[in-house]
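Here's a walk through one protein chain, written for someone who'd rather look at the model than at a table. Keep the viewer open as you read.

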Amino acid sequence: MEEKIKVLLINPKIRENKEAFIFPLGLGYIARILSNEGHNVSILDIDAFRYTDNEIISFLRKKDFDVYGITGMTTEYKSIKWLASAIKQINSNSKIILGGALATTLPEFVLEKTEIDIVVTGEGEENIKNIMNNISKNRLRAVKGIYFKEKNKIYKNQPQEQINDLDNIPFPD
């Protein structure tokens, strides 16, 4: 039986001056897939609840996760960079995965400028299972569709094939 991992999926604040108006559907899909694999999954929706930095830090200190998954657009870069730094200060042994538009658009930049460990380019629904199966075994080179940082060196893996049959993706959590 594969090791079950404690995962926190995070939706950062999207617009500082506007209330949240959309559920982070991508995180819902990832949460369902990880739950189906038996992992312990929690979601922190900073955008919906408008948590302050102090509230976020307090939450992160109270819980211990192995992996943090963050979604984000390029406009959220500053928030994501702060969040990754805060996570590493609290739990330096954890792994941080970034998905979404920022990850797909600027994977090397993100790995160079932040404390993110793994960047998922393109669709994450298939390769999140592969990441989880290989992350604790240090076999990330076997996972398609990611860039990752190891000992301050950035690695680019082969692209992940697109999902052709969307009916095979379970409904979001």
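## The largest pocket

Several elements share the lining of the largest pocket: strand E1 (6–11), helix H1 (25–36), strand E3 (67–71), strand E4 (95–99) and helix H7 (127–135) each put in at least two residues. Bear in mind that this is a predicted model. The volume of the largest pocket comes to about 570 Å³. If you want to find its middle, look for Gly26, Leu27, Thr71, Gly99 and Gly100, the closest to the centre of the 30 lining residues.

## Helix H7, seen from the inside

H7 is one of the elements that line the pocket, and it also has a buried side to its story. Which residues of H7 are buried? They are Asn127, Ile128, Ile131, Met132, Asn134 and Ile135. The spacing of some of these fits a simple rule: an α-helix has 3.6 residues a turn, so residues three or four places apart point the same way.

What covers the buried residues of H7? The cover includes E1, H1, E3 and E4, along with strand E5 (118–120) and E6.

## The chain as a whole

Stepping back, you can count 7 helices and 7 strands. In sequence order they run β-α-β-α-α-β-α-β-α-α-β-α-β-β. The chain has 173 residues, and 43% of them count as buried.

Take the contacts with a separation of 6 or more: 65% of them are between residues 24 or more positions apart. As for the outside, the accessible surface is about 9900 Å², with 47% of that belonging to carbon and sulfur atoms.

## Phe65, a loop residue under cover

Phe65 sits in the loop between H3 and E3. Buried or exposed? Phe65 has a relative accessible area of 6%, and the cut-off for buried is under 20%, so Phe65 is buried.

Its company comes from several places along the chain. Setting aside neighbours within four places in sequence, Phe65 touches Lys6, Val7, Leu8, Ser42, Phe59, Asn91 and Ser94. With Leu8, the C-alpha to C-alpha distance is 6.4 Å, although the two are 57 residues apart in sequence.

## Aromatic pairs

There are 4 aromatic pairs in the structure. One of them joins Tyr77 and Phe109: the ring centres are 5.3 Å apart and the planes are at 45°, so this pair is tilted. It links distant parts of the chain, with Tyr77 in helix H4 (residues 77–90) and Phe109 in helix H6 (residues 107–113), 32 residues apart. Phe109 is partly exposed, at a relative accessible area of 34%.

Now compare Phe148 and Tyr155. Their ring centres are 5.1 Å apart with the planes at 20°, so this pair is stacked. Phe148 and Tyr155 are both buried. Tyr155 has another partner too: the charged end of Arg141 sits over its ring, 4.1 Å from the centre.

## Two backbone oddities

Arg50 isn't a glycine, yet it has a positive phi of about 55°. You'll find Arg50 in the loop between helix H2 (46–49) and helix H3 (53–62). Arg50 is partly exposed, with a relative accessible area of 23%.

Asn152 is also not a glycine, and its phi is positive at about 65°. Look for Asn152 in the loop between strand E6 (146–150) and strand E7 (153–156). How does Asn152 score for accessibility, buried or exposed? The relative accessible area of Asn152 is 77%, and exposed means over 50%, so Asn152 is exposed.

Methods
Residues are numbered from 1 along each chain as its sequence is written. This is a predicted model: local features need pLDDT of at least 70, side-chain atom pairs count only at pLDDT 80 or more; totals for chains, interfaces and linings use all residues. Side-chain values use heavy atoms; hydrogens and water are left out. Helices (H or I, at least four residues) and strands (E, at least two) are DSSP runs, numbered from the N terminus. Buried means under 20% relative accessible area, exposed over 50%, partly exposed in between (1.4 Å probe, protein chains only). Contact means heavy atoms within 4.5 Å. Accessible areas come from the Shrake-Rupley method with a 1.4 Å probe; for residues, only the protein chains shown count as cover. Rings of Phe, Tyr and Trp (its six-membered ring) pair if their centres lie within 6.5 Å; planes under 30 degrees apart count as stacked, over 60 as edge-to-face and the rest as tilted. A charge sits over a ring if NZ of Lys or CZ of Arg is within 6 Å of the ring centre and within 35 degrees of the ring normal. On a 1 Å grid over the protein atoms alone, a cavity is a set of points where a 1.4 Å probe fits but cannot get out, and a pocket is an open set with protein on both sides within 12 Å along at least five of seven lines; lining residues have an atom within 4 Å of a point. Grid points are joined across faces, edges and corners, and a volume is the space filled by probe spheres set on the points.
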